[in-house]
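Trainee: Got a minute to go through this one with me? I'd like to talk about domains first, then cavities.

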Amino acid sequence: MVKFYIAVIAGFAALLTTVHARSTDEFSDTEKAIIQSLSLQLLPVKPASHSNKFANDVRAQQLGAQLFFDKGLSANNEAACSTCHQPDKFFTDGLTISQDSQGRGRNTPTLIGSAWLRWFYWDGRKDSLWSQALSPIEALHELGSNRLAVVRYVAKHPDYQDKYEEIFGPLPDAILSDKLPENAGPFGNQQTRDNWDELPLDLKKRINNEFANIGKALAAYQRTLNYEWTRFDTFASELASGANEYSLDADEIAGLKLFIDDDKTQCLQCHNGPLFTNRGFHNVGTGILQGDNLDFGRMIGIQAVIRDEFNCLGIYSNADADDCSSLRFLNKSLDFSSSGAFKTPSLRSLAHTSPYFHDGRFSDLRDVIAFYNNPPKNVNHELQPMNLTNQEINHLLKFLSTISNP
Amino acid sequence: MNNPIRTLTLLTLLTMFCGSLHAEETVQHEQHQAHKHEDNDSAKRKHQWSQVSESGLITAEVFPQQGKPVFNDYHNWVIKLSDAKGQPVSDAKIAIDGGMEAHGHGLPSKPVISRELDDGEYLIEGMLFNMTGAWTLVIDVLSTHENARFTFPLELSH
Ligand SMILES: [Cu+2]
């Protein structure tokens with residue numbers, strides 16, 4: 001009986017601490033709403049990829065996964081998509097910059113969560129995952145191959161041929177013909193380009209179509225790469241359900257409060273929603289608008305995507321024009337909004353995707369925060385100084401660690 | 001060792017506690033709902049902006065088609081034009097621009113007027129807001145009445 005009373009007292013004591021922990025003034029209603037808006041629980045269903053009718057085809061996903069890791073797609077058999085997008089590095093390569101398809105040095109972005117994005121590359125010069133996947137194949141410093149060689153590689157590969165034809169239909173004999181040159185494509189060396197120029201237009205279109213299919217398979221696979229549930233997401237659920245204990249400690253919560261406080265930081269302005277990105281382009285003063293190594297970012301991306309033969313409105317797209325919202329409503333202004341602007345990256349899994357920024361200029365997150373705390377002067381950008389103390393910066397870093405898994 | 005009595009006691013206490021809490025939450029929830037209903041009506045007014053042109057000849061009214069602006073996704077708005085007598089202004093040519101003055105950037109999309117839904121009522125497609133804060137919507141109207149520019153300040157919050 002004594003034990004029972006002790007248990008009852010213990011129970012009430014537990015209740016009292018519980019009540020204390022649930023103190024309602026811990027988070028305002030606005031804070032609670034913002035925290036929920038960031039949770040993976042609120043991630044919208046994967047957007048349809050109208051321009052890729054094979055986007056959700058399981059067979060295309062499987063073929064795409066094989067192609068993604070296959071170095072046989074490259075000119076020297078030494079590079080695959082996975083060379084720069086390494087699964088154990090959250091589909092990045094850990095390097096400061098890698099040469100992109102236009103010879104510009106840019107940091108390799110992760111592929112996780114890319115199904116939710118509207119634009120691809122730091123400058124958004126591609127409007128779909130499948131059209132993006134085609135560029136590295138023909139880029140000199142990446143896979144360095146060409147569309148004819150790659151289409152024929154897949155078409156004649158003992159493991160791929162049947163799978164490919166089962167998904168995309170029979171390959172035309174004209175493409176398999178021995179009379180064709182080994183290499184042909186609009187990029188690459190002079191011989192490769194000359195060979196391409198000499199092909200009849202209808203054959204070029206047919207090759208482009210099969211090349212696009214390879215991109216669509218690669219995209220189908222990449223669309224399966226989802227973000228993982230993190231400690232922050234657990235915390236958001238706990239907060240929503242009124243749990244007794246939180247998965248975040250006091251410092252992490254202090255960091256979260258800073259992160260969502262528009263008066264103290266402007267983090268949430270661009271890094272909002274469950275992906276911690278507004279998927280847009282912003283000028284944070286990192287473009288190089290004069291001198292060597294020019295990089296105008298989005299300004300170039302706008303012009304490139306309009307001209308891209310593999311864009312949503314092109315003949316290799318499966319979309320109705322009405323479904324090409326990104327292109328239909330593309331703001332083509334070549335001004336401050338685009339000049340030197342780059343795509344907002346997600347903040348999820350930051351711990352695994354160092355270095356940071358489009359040019360990988362910072363390898364330490366502390367330096368990134370320091371940049372935003374005291375943004376460059378005499379350069380045009382959208383930022384305001386944050387004036388955070390060292391302790392506040394520590395809290396912010398601690399919070400950011402809760403949206404990465406160990 | 002687990003003491004079953006103690007466990008049961010705690011469970012009972014917790015159940016009681018959660019039960020009362022749940023009831024409390026339900027009441028709060030209902031109040032919140034009722035509050036929301038009110039909000040919805042006033043929301044319709046809240047998310048509707050009206051302006052008379054400088055000369056007073058045209059009134060422009062803009063509002064999101066679904067009643068509220070959508071954050072981070074393309075969505076439709078409607079613009080209604082009427083003349084000084086309250087009659088609809090049809091066949092106008094309309095251009096939409098804007099941005100965030102504080103950040104110095106324009107709209108993240110280029111909205112288009114896709115058609116006239118009804119007399120003097122035009123559908124704006126492709127509106128996109130990807131930041132909270134103060135936005136400006138600049139709407140140029142070319143009509144038989146006059147050519148006018150309307151500047152609507154919009155405040156977007158979470
Ligand atoms: Cu802004």
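**Domains and a cavity**

Mentor: Sure. Chain A splits into domain 1 (20-46 + 232-279 + 347-403) and domain 2 (58-222). Keep in mind that this is a predicted model.

Trainee: What separation do the centres of domain 1 of chain A and domain 2 of chain A have?

Mentor: Taken over C-alpha atoms, the two centres lie 36 Å apart. Domain 1 of chain A puts 16 residues into the contact, and domain 2 of chain A puts in 17 residues.

Trainee: And how much area do those two domains bury between them?

Mentor: About 1400 Å², with 64% of it on carbon and sulfur atoms. On the domain 1 side, Lys46(A), Arg279(A) and His358(A) lose the most area to domain 2 of chain A, together 40% of what that side buries.

Trainee: How many salt bridges does the rule find across that interface?

Mentor: It finds 0 salt bridges between domain 1 and domain 2 of chain A.

Trainee: OK, switching topic. How many cavities of 30 Å³ or more are there?

Mentor: Just 1 cavity reaches that cut-off, and its volume is about 300 Å³.

Trainee: Which residues are closest to its centre?

Mentor: Phe281(A), Arg298(A), Asn331(A), Leu107(B) and Pro108(B), out of 22 lining residues.

Trainee: Which elements give two or more residues to that lining?

Mentor: From chain A, strand 3 (281-282) and helix 14 (298-307); from chain B, strand 5 (105-106).

Trainee: How does the lining divide into nonpolar, polar and charged?

Mentor: There are 9 nonpolar, 10 polar and 3 charged residues.

Conventions: Residues numbered from 1 in each chain as written. Chains lettered and ligands numbered in written order. Predicted model: local features only at pLDDT ≥ 70, side-chain atom pairs only at ≥ 80, totals over all residues. Heavy atoms only, no water. 1 Å grid on protein atoms, 1.4 Å probe; cavity = no way out; pocket = protein on both sides within 12 Å on 5 of 7 lines; lining within 4 Å. Points joined across faces, edges and corners; volume = space filled by probe spheres on them. Helix = DSSP H or I, 4+ residues; strand = E, 2+ residues; numbered from the N terminus. Nonpolar A, V, L, I, M, F, W, Y, C, P; charged D, E, K, R; others polar. Domains from an automatic or database assignment. Contact = heavy atoms within 4.5 Å. Buried area = accessible area lost by both parts, 1.4 Å probe. Salt bridge = Lys/Arg side-chain N within 4 Å of Asp/Glu carboxyl O.
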